[in-house]
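Reader: I want a close look at one part of this model before anything else. Start with one chain, go down to a single residue, then work outward. Keep it brisk.

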Amino acid sequence: MLLLQGLVLGVLVGGMYALMASGLTLIFGVMRLINIAHAAVIIFASYLSWQLLRVLGIDPLISIVILVVVFFIGGALLQKYVLSALIDKDLSLALLATLGVANVLEGMEGALWTSSFHAINTGYSDQTYHFGDVYVPLIRIITFVASVIILAGLYVLLTHTNLGRAIRATTQNRAIAQLVGVNVNRITMIAFGIGIAVAAAAGPLMGMYYPFYPNSHWGWIGKLMAIVVLGGLGSFRGTLVAALILGVAEQVTILYVPANWAATVFFVFLFAVLIVRPQGFFGHVARESL
Amino acid sequence: MRFLRVTRAPLALTVLALVATSCGLGSSSNNAVTPGADIKVGISEPLTGDKSDIGTNSDNGYKVWEAVVNSHGGINGRHVKIIQYDNNSLADTAVSQYQKLVTVDQVDVLLGPVSSALVIPTEAVAAQYNKVFVEGTGGSPQVFARNFNNVFFVQPATVEHQADPLVDWIKSLPPDQRPTVAGYPTNDDPFAQAVVDTVQKAFEGMGIKTGYKQTYPPTQTDFTSIGSAMKAAKVDILVQGSVADQDAAGAVKGYSQVGFQPKVSYFASGPDSASTWLDLLSSKAEGTMTSLDWLQESTVPGNKEFVDTYLKMFPNKDNLVPAEAAEAYAAGEVLAAAISATGGVDNAKIISWLHANKVQSVEGKFGWDSAGRPQGGTFDLIQWQSNHLNIVWPLNVATNGTKPTIPKPSW
């Protein structure tokens with residue numbers, strides 16, 4: 001029964017990890033850019049959701065809608081006016097720019113909300129259901145369902161719309177996509193905006209799970225990158241599978257051995273997979289001409 | 001053939017940038033050249049990182065001490081000037097910053113950072129330069145293990161004795177009311193482990209079985225599986241080796257989500273952060289316990305001025321002062337007393353004087369043994385009851401005669 005409890009909790013938290021990492025993999029797929037600010041964006045969205053709840057009484061699930069719109073616009077503008085120019089010169093400059101964004105957000109959060117821990121508490125935060133001896137917290141069901149809905153929406157967008165086809169074409173081969181008439185600069189801007197918007201959607205959900213503080217994003221970015229690498233850079237399916245594996249590995253490991261080993265178990269698994277399959281579960285080896 | 005366009009160059013640059021950022025060098029809050037008459041006091045605090053909550057509280061306490069001392073004309077007519085850095089909760093950074101404080105900033109005296117985890121590596125720097133090192137929060141056994149004679153811990157007792165009132169209270173219960181199985185989830189931190197190890201030894205001597213004992217990393221925020229394991233082990237008294245609000249509040253949230261409901265819940269740290277504990281947990285705070293070395297309403301000399309000044313400088317809606325601020329303030333008081341008594345900042349004289357005298361501070365009046373352990377004080381057991389933090393043990397100092405609530409309300 002204890003193992004079943006761990007599996008249930010692992011799958012539920014894995015759903016949230018998948019949402020947190022999906023924007024990162026989308027941005028990498030389209031731009032070949034590791035967005036170091038991704039987790040910082042998530043934490044920033046957590047703060048804004050906390051503030052909206054505290055000041056205006058807006059439920060975090062409602063605030064997702066507001067944040068997604070605002071962050072999409074912000075992300076698209078950041079890509080168009082800052083990152084695209086830097087990428088044209090040197091990809092490493094854009095990478096450093098995302099590091100700068102992370103530091104700016106962190107500093108701003110510290111100034112606005114202090115460095116103390118915050119948590120998003122709602123009226124339903126305390127509810128939990130139990131089926132026999134297996135407890136399933138309502139908040140985890142909500143975050144899992146919300147994550148699945150958002151990820152499903154993203155999947156439909158990418159596979160059943162012209163915009164999605166253009167994004168996938170740009171991801172697979174930027175030059176050929178351009179040759180067949182895709183406005184890759186515009187598509188890249190939109191895709192980056194979507195990636196940031198997905199991160200914003202994860203913020204309120206994450207904030208209902210865990211206490212957060214301005215530089216807690218450094219603890220998350222490594223975990224999210226590991227998920228993206230294990231799943232295969234740029235692969236949504238891979239991100240989902242890897243996130244579920246990480247969630248289950250963490251929760252089940254803690255049941256039987258010290259929690260210090262939870263992350264280790266995941267990374268041992270990650271290294272083992274990468275030795276056998278360096279491109280991750282669903283990644284492709286990008287071959288380029290010499 | 002290349003598989004990815006990402007080269008090593010940006011990664012190397014990123015690592016360099018991250019290292020530079022995490023070192024915190026150049027982040028001094030006060031780099032101004034100080035007048036010769038000022039007493040320069042060096043401090044490194046975790047204002048960011050996983051200890052940022054207690055670090056900020058402690059830093060505020062030091063700032064209040066600086067303001068109060070200077071409002072009284074300084075020490076022996078010399079104003080105090082704090083030179084402080086943010087160590088980002090990283091021990092290596094704190095060590096390098098204390099070296100910089102001594103060698104570059106040439107401070108006269110040092111005050112310690114918050115937490116045993118940061119005191120242990122940095123006290124060696126102070127010893128290397130023969131600097132007095134007064135600190136208010138690092139009280140684990142490892143702090144005193146190297147017998148440095150320059151370290152002075154300003155709390156009534158060392159952390160092995162922090163949970164003594166919990167043990168005394170459980171011992172006082174009739175056998176049929178005592179909890180029978182204890183759980184000890186513990187942060188990988190010397191302070192937390194010292195508290196938990198002492199309680200475990202005492203409880204096992206009383207026949208309370210150990211149902212769960214595991215260490216978790218300082219960054220742990222998800223405690224649902226730990227709660228599930230303790231529930232399966234039928235733990236009915238929780239003694240959590242928590243260090244910050246993050247792990248204490250995260251634990252309560254996780255435990256409530258999986259239905260782990262012990263009769264008693266004691267945290268090494270967390271419930272005493274009065275200003276944030278209720279915000280983080282609301283009704284789940286009810287019944288949680290910890291130990292207290294200082295009380296906001298205390299009538300010891302100097303406490304009223306400290307509390308009033310703190311609330312003036314750092315107002316908050318609940319008018320609450322965190323314990324870490326009082327501990328830092330008390331460290332400053334002890335240092336000031338020694339400087340005043342010895343007539344200057346000769347660190348050797350200050351160290352000798354502190355070993356020979358008892359000092360009154362907001363933490364009480366006590367002296368130190370040769371390794372800096374406080375002598376003669378005790379802690380109190382406190383519990384959240386109806387949104388108030390009450391002293392519940394020993395009974396002779398209990399708030400308005402309140403008693404510990406057992407079993408605690410469900411969270």
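Author: Start with chain A: buried residues make up 52% of its 290 residues. Keep in mind that this is a predicted model.

Next, the fold of chain A. Its secondary structure comes to 11 helices and 2 strands. Along the sequence the order is α-α-α-α-β-β-α-α-α-α-α-α-α. So four helices come before the two strands, and seven helices follow them.

Now the overall dimensions. For 290 residues, a compact globule would have a radius of gyration near 19 Å. Chain A has 19 Å, so the value agrees with that expectation. Along the principal axes, the C-alpha atoms of chain A fill a box of roughly 60 × 50 × 35 Å.

The contacts of chain A come next. Take those between residues at least 6 apart in sequence. Of these, 79% join residues at least 24 apart.

Then the surface and the charges. Chain A exposes about 11,800 Å². Carbon and sulfur atoms supply 70% of that area. Chain A carries 13 positive and 9 negative charges. The mean positions of the two sets are 14 Å apart.

Now zoom in on one residue, Thr98(A). Where does Thr98(A) sit? It is found in helix 4 of chain A, residues 91-113. Is Thr98(A) buried or exposed? Its relative accessible area is 3%. The limit for buried is under 20%, so Thr98(A) counts as buried.

What does the side chain of Thr98(A) reach? It comes to 3.2 Å from the backbone nitrogen of Ile36(A). Ile36(A) also appears among the contacts of Thr98(A) beyond four places in sequence. That list also holds Leu33(A), Ile34(A), Asn35(A), Ala37(A) and Leu83(A). In short, a buried residue of helix 4 has a side chain that reaches a backbone atom of Ile36(A).

Now move outward to chain B. Its secondary structure comes to 13 helices and 15 strands. The radius of gyration of chain B is 22 Å, close to the 22 Å that the globule rule gives for 411 residues, so chain B is as compact as a globular protein of that length. Its C-alpha atoms fill a box of roughly 75 × 65 × 40 Å along the principal axes.

How much of chain B counts as buried? The figure is 61% of its 411 residues. For contacts with a separation of 6 or more, residues 24 or more positions apart account for 69% in chain B. Chain B exposes about 14,900 Å². Carbon and sulfur atoms supply 53% of this. Its side chains include 30 positive and 39 negative ones. The centres of those two sets lie 4 Å apart.

One residue of chain B deserves a zoom too: Lys40(B). It lies in strand 1, residues 39-45. Its relative accessibility is 18%. That is under the 20% limit, so Lys40(B) counts as buried. Its side chain reaches the backbone oxygen of Asp105(B) at 2.8 Å. Lys40(B) and Val345(B) are 305 residues apart in sequence. In space, their C-alpha atoms are 9.6 Å apart.

Last, the backbone of chain B. Most residues other than glycine have a negative phi, and most peptide bonds are trans. Here are some exceptions.

Ser89(B) is not a glycine, yet its phi is positive, about 65 degrees. It sits in the loop between strand 2 (80-86) and helix 3 (91-103). Ser89(B) counts as buried, at 9% relative accessibility.

Asn130(B) is not a glycine either, and its phi is positive, about 55 degrees. Its place is the loop between helix 4 (116-128) and strand 4 (133-135) of chain B. Asn130(B) is exposed, with a relative accessible area of 58%.

Two cis peptide bonds complete the tour. One joins Trp393(B) and Pro394(B), with omega about 0 degrees. Pro394(B) lies in the segment after strand 15 (388-393). The other runs from Ile406(B) to Pro407(B), with omega near -5 degrees. Pro407(B) is also placed in the segment after strand 15 of chain B.

Key
Residues numbered from 1 in each chain as written. Chains lettered and ligands numbered in written order. Predicted model: local features only at pLDDT ≥ 70, side-chain atom pairs only at ≥ 80, totals over all residues. Heavy atoms only, no water. Rg over C-alpha atoms; globule rule 2.2 N^0.38 Å. Buried < 20%, exposed > 50% of the residue type's maximum accessible area, 1.4 Å probe, protein only. Contact = heavy atoms within 4.5 Å. Areas by Shrake-Rupley, 256 points an atom, 1.4 Å probe, with all protein chains shown as cover. Lys, Arg positive; Asp, Glu negative; His and termini not counted. Charge placed at Lys NZ, Arg CZ, Asp CG, Glu CD. Polar contact = N/O pair within 3.5 Å; in protein donor to acceptor, adjacent residues only side chain to side chain.
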